[in-house]
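Me: Could you zoom in on one part of this model for me, the region where domains touch? I'd like to see what sits there and then how it connects to other spots along the chain.

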Amino acid sequence: MTRVFDDDLGTGFGTRAIHAGQRPEPLAGAIMTPVYLTSTYVQDGLGQNKGYEYARGKNPTREALERNVAALEGGRHGFAFASGVACVDSIMKLFKSGDHIVCGENVYGGTFRLFDRLLQNLGLSFTYVDTRDSQRIADAVTKRTVAILVETPTNPLMRLTDLAESAQIAHRASALLIVDNTFASPFFQRPLELGADIVFHSTTKYLNGHSDMIGGIAIVNDDDIATKLQFIHNAAGAVQGPFDSWLALRGTKTLHLRMPRHDENGRRIAAWLAERLGAERVIYPGLPSHPQHALAKKQMSGFGGMISIELGTKERAATVLSRVRVFSLAESLGGVESLISNPAMMTHASVPLERRAQLGITEGLLRLSCGVEDASDLLADLEQALEGM
Ligand SMILES: *Cc1c(COP(=O)(O)O)cnc(C)c1O
């Protein structure tokens, strides 16, 4: 079991981001956690080991990352996985055939695909609801409901779910609230503090922040859930490798420096886009025109760098994508460099067409991940790309 054991460091987020979960390496005192590239650990005698037996079960580099992110989320246990999707898949192994999960209708395309194309075949059932309305979540709960899974803000429509209300609904039904916190990061939103039971991330995005690895992590407070997840981690084996763990750990050290800049750029660009295109075509929780701006201010301490814009047609979207120079046309988000994508054709292509239409993921929708470049250059880039629109 990996635990956050360095509560003596102080409570500052930045101090935790840099130090939590790490100790100077014992041999030479290296300040950076080494990349423990090993599959096994030599034992002193039969039944005598240093707490490490085989690297699927435990790896010191991975443990450092797990403790570090657990400290940032205000949790006690962390489990790092080979990808965000592998993390959701392993979390779902807490459940069994016949169990029912209430899921946000606008979750990440890969999460929906996992549920709809794979886990449903194994006997889990899912009801997808518009989780902006807590009553709809409550109405979807049945006697078989074991979990409510939400993402807030959502990808790419930036819809919010009230986490405190969702936690109450889940707990009234003795179900777990599971939250995908990838978009906000623990710097801006800490679901465990609002009552969530499991918070998870695609560390690929803001936590790593440098677009150079794929990973996922689940954080919990409850010891029983942690014991089960630890078993699944080792028994199903979708663990994060040591080098990718190290990259993510290097990334979290600057999370508190990067997020305010993503947020600052996001606010400036969203405000500019709202002027330029009309507020109704710009979706950003930090804009007063966002229908859930009040909830955003209540449960988040910042809004981040994710913005969606509606350009009306696929042709206009394609034109903008062909013109951008500082923004790069690519899937993914949360890195230091700005990215732009068309969710309908890219990240959400696996969501059936009529579902996409019903949700509002149109072919004219573009999603921007504002990086940490100079805002003036990002604005100039968008200005030239939107010319004539
Ligand atoms: C990317 C992403 C995932 C999936 O994570 P991978 O690391 O790509 O497997 C899950 N949820 C959200 C919100 C994401 O953006």
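Reply: Let's start right at the meeting place: 43 residues of domain 1 are in contact with 42 residues of domain 2, where contact means heavy atoms within 4.5 Å. Before we go on, keep in mind that this is a predicted model, so local features need pLDDT of at least 70 and side-chain atom pairs count only at pLDDT 80 or more, while totals for chains, interfaces and linings use all residues. Residues are numbered from 1 along each chain as its sequence is written, and side-chain values use heavy atoms, with hydrogens and water left out.

So where are the two domains? Domain 1 covers 13–252 and domain 2 covers 255–385, with bounds that come from an automatic or database domain assignment. Their C-alpha centres lie 25 Å apart. Between them, about 3,500 Å² is buried, and carbon and sulfur atoms give 62% of that. Buried area here is the accessible area (1.4 Å probe) that two parts lose on being put together, summed over both.

Now for the links across this interface. The rule finds one salt bridge between domain 1 and domain 2, where a salt bridge is a side-chain nitrogen of Lys or Arg within 4 Å of a carboxyl oxygen of Asp or Glu. Have a look at Lys298 and Asp162: their side chains meet in a salt bridge, 3.2 Å from N to O. By numbering, Asp162 falls in domain 1 (13–252) and Lys298 in domain 2 (255–385).

Polar contacts turn up here too: 19 residue pairs across the interface, both partners at pLDDT 80 or more. That term means a pair of N or O atoms within 3.5 Å; within protein, one must be able to donate a hydrogen and the other to accept it, and residues adjacent in sequence count only if both atoms are side-chain atoms.

On the side of domain 1 that touches domain 2, the elements giving two or more residues are helix H1 (13–19), helix H4 (109–119), helix H7 (185–188) and helix H9 (242–252). Helices (H or I, at least four residues) and strands (E, at least two) are DSSP runs, numbered from the N terminus. The residues of that side divide into 22 nonpolar, 15 polar and six charged. In this count, Ala, Val, Leu, Ile, Met, Phe, Trp, Tyr, Cys and Pro are nonpolar, Asp, Glu, Lys and Arg are charged, and the others, Gly among them, are polar.

Let's move along to Asn208, in the loop between strand S6 (198–202) and strand S7 (216–220). With a relative accessible area of 1%, Asn208 is buried; that word means under 20%, exposed means over 50%, and partly exposed is in between (1.4 Å probe, protein chains only). Leaving out residues up to four places away in sequence, Asn208 touches Thr203, Met213, Leu247, Ala248, Gly251 and Arg258.

What about salt bridges in the whole structure? There are twelve. In one of them, Asp223 pairs with Arg76, with the closest N and O atoms 2.8 Å apart. Asp223 sits in helix H8 (residues 223–236) and Arg76 in the loop between helix H2 (60–73) and strand S1 (77–81), so this pair links distant parts of the chain, 147 residues apart. Asp223 is partly exposed at 34% relative accessibility, and Arg76 is also partly exposed, at 32%.

Arg261 and Asp374 make another salt bridge, at 3.8 Å from N to O. Arg261 lies in helix H10 (residues 255–277), while Asp374 is in the loop between strand S12 (365–369) and helix H14 (375–385), so the pair ties together parts that are 113 residues apart in sequence. Arg261 counts as partly exposed at 27%, and Asp374 does too at 46%.

Helix H14 also holds Leu379, which is buried at 13% relative accessibility. Not counting residues up to four places away in sequence, Leu379 touches Arg268, Ile269 and Trp272. Compare that with Val42: Leu379 and Val42 are 337 residues apart in sequence and 56 Å apart in space, C-alpha to C-alpha.

For a contrast, go to Leu122, in the loop between H4 and strand S3 (125–129). Leu122 is exposed, with a relative accessible area of 60%.
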